Amino acid sequence: MRISRAQIGQIVKVYKAQNAIQAAPKGLAPDSGISSDRIKLSFSQADLDKVKEQIKKLPDLRPDRVQELSQSVRDGTYKVDPTEVADRMLGRMIADKIK
């Protein structure tokens with residue numbers, strides 16, 4: 001499964017929003033009728049920043065995989081499952097619309 005940078009950005013936004021929400025509702029009175037949800041993430045913003053930096057360092061192309069696929073196309077042994085192509089196209093379209 002391929003995850004786009006846009007999807008990663010959306011995930012980061014969600015975690016940042018959750019951190020903002022977690023910090024906001026301090027001191028609610030127990031009898032106020034308003035309950036407060038709390039979340040504690042098992043990683044810090046620094047951890048998230050490290051992951052983002054590592055993702056940025058990853059190459060967009062994998063030369064070994066490109067070579068392998070190029071060779072199978074030249075040999076005429078490359079086969080495509082049309083159902084899988086359609087599934088991935090639809091999945092990509094849905095994932096891009098979620099942002």
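Helices here are DSSP runs of H or I with at least four residues, strands are E runs of at least two, and both are numbered from the N terminus. Residue numbers start from 1 along each chain as its sequence is written. The model is predicted, with local features needing pLDDT of at least 70, side-chain atom pairs counting only at pLDDT 80 or more, and totals for chains, interfaces and linings using all residues, while side-chain values use heavy atoms and leave out hydrogens and water.

On that basis the chain has 4 helices and 0 strands, which reads along the sequence as α-α-α-α. Buried residues (under 20% relative accessible area; exposed is over 50%, partly exposed in between; 1.4 Å probe, protein chains only) come to just 7% of the 99 residues. About 8700 Å² is exposed by the chain, 59% of it supplied by carbon and sulfur atoms; areas come from the Shrake-Rupley method with a 1.4 Å probe, and for residues only the protein chains shown count as cover.

Now to the stretch around Tyr 78, which sits in the loop between helix H3 (63-75) and helix H4 (82-98). Tyr 78 has a relative accessible area of 43%, so it is partly exposed. Ser 72, in helix H3, counts as buried because its relative accessibility is 15%. Neighbours within four places in sequence aside, Ser 72 is in contact (heavy atoms within 4.5 Å) with Thr 77 and Tyr 78.

As for contacts in the chain between residues at least 6 apart in sequence, 63% join residues at least 24 apart.
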